[in-house]
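Please look over the sequence and the model below before reading on. The paragraphs that follow lead from a pocket to a ligand and then to some details of the backbone.

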Amino acid sequence: MKVAIIGASGYTGGELIRLLLGHPEAEVVCATSRKLAGMPIESHHPHLKGFTDLVFENPEIDAIDADCAFLAVPHTAAMKYVRPLLEKGIRVVDLSADYRLPKDVFEKVYGVAHTDYFEAPYGIPELHRDSYGKVDFISNPGCFPTGATLAAAPLAKFAHTIIYDSKTGVSGAGDNPSAVTHYPNVGDNVNAYKWTSHRHLEEMRMEMKNLGSKARCYFTPHLVPVNRGILTTAHILLDEPMEQDEVEMLYRDFYRDEFFVRYQSPALAAVRGTNFCDLRAESEGDRVVVVSAIDNLVKGASGQAIQNMNIICGFDERDGLRGAGLLP
Ligand SMILES: NC(=O)c1ccc[n+]([C@@H]2O[C@H](COP(=O)([O-])OP(=O)(O)OC[C@H]3O[C@@H](n4cnc5c(N)ncnc54)[C@H](OP(=O)(O)O)[C@@H]3O)[C@@H](O)[C@H]2O)c1
């Protein structure tokens with residue numbers, strides 16, 4: 001299957017190329033970058049030298065020849081591609097936020113008009129794959145909502161309040177340098193940011209509603225000096241107390257058949273470079289603390305996007321994603 005990656009010079013685009021090198025059915029045939037068109041892939045992704053002869057290109061949408069395309073571009077850029085690609089018969093997985101939220105919520109949260117809205121399936125596969133049906137487009141979830149929602153989902157129906165506290169690595173901001181990601185601001189430092197107003201909060205709230213929860217959700221992210229990973233501590237306040245044994249059984253049972261969710265004490269290093277979400281729950285009665293760890297660029301973005309591609313294309317969900325983590 002021929003794959004195009006729109007936005008291949010970015011962090012998630014680079015991860016898509018890396019992961020798809022190990023996919024038995026898919027081959028990347030088009031990797032776009034406006035700024036690097038004509039340059040070999042390794043000029044920007046040196047870790048990929050020797051694995052691919054791809055050259056960045058900047059084709060018109062009409063000239064893209066693929067069976068499936070990933071949109072690894074900023075929000076608002078993706079909405080220009082989706083419909084033209086679908087009309088060419090190309091399946092699309094969109095990593096941006098453009099189709100994750102209802103139109104009015106998107107426009108409020110992102111402060112821009114949506115120029116080509118339609119309702120799209122949103123997909124954390126572990127929670128939603130059964131409702132996809134036969135589709136040729138998936139809106140891939142945000143990185144924070146993925147780790148947070150997987151942490152809270154088993155208890156969603158029993159909670160009245162959920163407080164997510166997340167620590168994220170710097171690659172979450174993409175590869176465009178900024179004052180916030182400048183080394184002296186990040187190294188040897190920890191900052192909270194968007195304490196009450198991060199854009200992903202609405203996605204987390206939408207997910208809880210989708211799961212039939214009435215819980216109020218709150219979220220504060222922190223930037224920590226690591227390249228990859230999101231560690232989320234979810235404080236889940238319950239209507240009725242639950243004992244540790246009951247909580248643990250609930251989590252183990254909920255994710256029993258899920259290859260990519262592992263019930264064990266989470267640590268960023270253990271999931272680095274992988275599509276796994278590690279999580280564990282501890283109860284103190286009416287408050288359960290669940291901690292989850294994901295790699296923001298893999299389960300939080302490109303890996304989950306490939307998982308979604310595998311589902312809509314009828315491949316094994318694990319294809320291209322079987323690699324273990326890097327520890328230490
Ligand atoms: N980083 C993460 O952890 C993460 C996690 C989940 C989701 N996401 C989402 O995934 C998307 C990509 O994120 P990223 O971190 O990979 O960003 P990034 O590192 O900044 O890369 C963005 C890519 O998009 C291209 N691009 C930018 N504007 C474009 C436009 N108007 N038209 C076509 N191409 C354009 C860029 O190359 P040129 O400018 O050379 O064309 C580059 O290849 C974003 O929507 C982001 O929110 C990111």
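**A pocket, a ligand and two backbone details**

The second largest pocket is lined by 19 residues, and those nearest its centre are Tyr11, Ser171, Asp175, Asn227 and Leu297. Here a pocket is an open set of points on a 1 Å grid over the protein atoms alone, with protein on both sides within 12 Å along at least five of seven lines, and lining residues have an atom within 4 Å of a point. This is a predicted model, in which local features need pLDDT of at least 70 and side-chain atom pairs count only at pLDDT 80 or more, while totals for chains, interfaces and linings use all residues. Residues are numbered from 1 along each chain as its sequence is written, and side-chain values use heavy atoms, with hydrogens and water left out.

The volume of the second largest pocket is about 360 Å³, where a volume is the space filled by probe spheres set on the points, and grid points are joined across faces, edges and corners. Its lining comprises five nonpolar, ten polar and four charged residues (Ala, Val, Leu, Ile, Met, Phe, Trp, Tyr, Cys and Pro count as nonpolar, Asp, Glu, Lys and Arg as charged, and the others, Gly among them, as polar). At least three lining residues come from each of domain 1 (2-120) and domain 2 (144-296), with bounds taken from an automatic or database domain assignment.

Turning to the ligand, which residues come nearest? Of the 27 residues around the ligand, these are Ser9, Thr12, Ser33, Arg34 and Val73, where being near requires a heavy atom within 4 Å. Because domain 1 (2-120) and domain 2 (144-296) both give residues to this shell, the ligand lies between them. The shell holds eleven nonpolar, twelve polar and four charged residues.

Oxygen atoms of the ligand also lie at short listed distances from polar atoms of the protein: 2.7 Å for a polar backbone atom of Val73, 2.8 Å for an N or O atom in the side chain of Thr12, and 3.2 Å for a backbone N or O atom of Gly7. The backbone has details of its own. Most residues other than glycine have a negative phi, and most peptide bonds are trans. Thr76, however, has a positive phi near 75°, and a cis peptide bond, with omega about 5°, joins Leu327 and Pro328.

Definitions and conventions. Polar contact = N/O pair within 3.5 Å; in protein donor to acceptor, adjacent residues only side chain to side chain. 1 Å grid on protein atoms, 1.4 Å probe; cavity = no way out; pocket = protein on both sides within 12 Å on 5 of 7 lines; lining within 4 Å.
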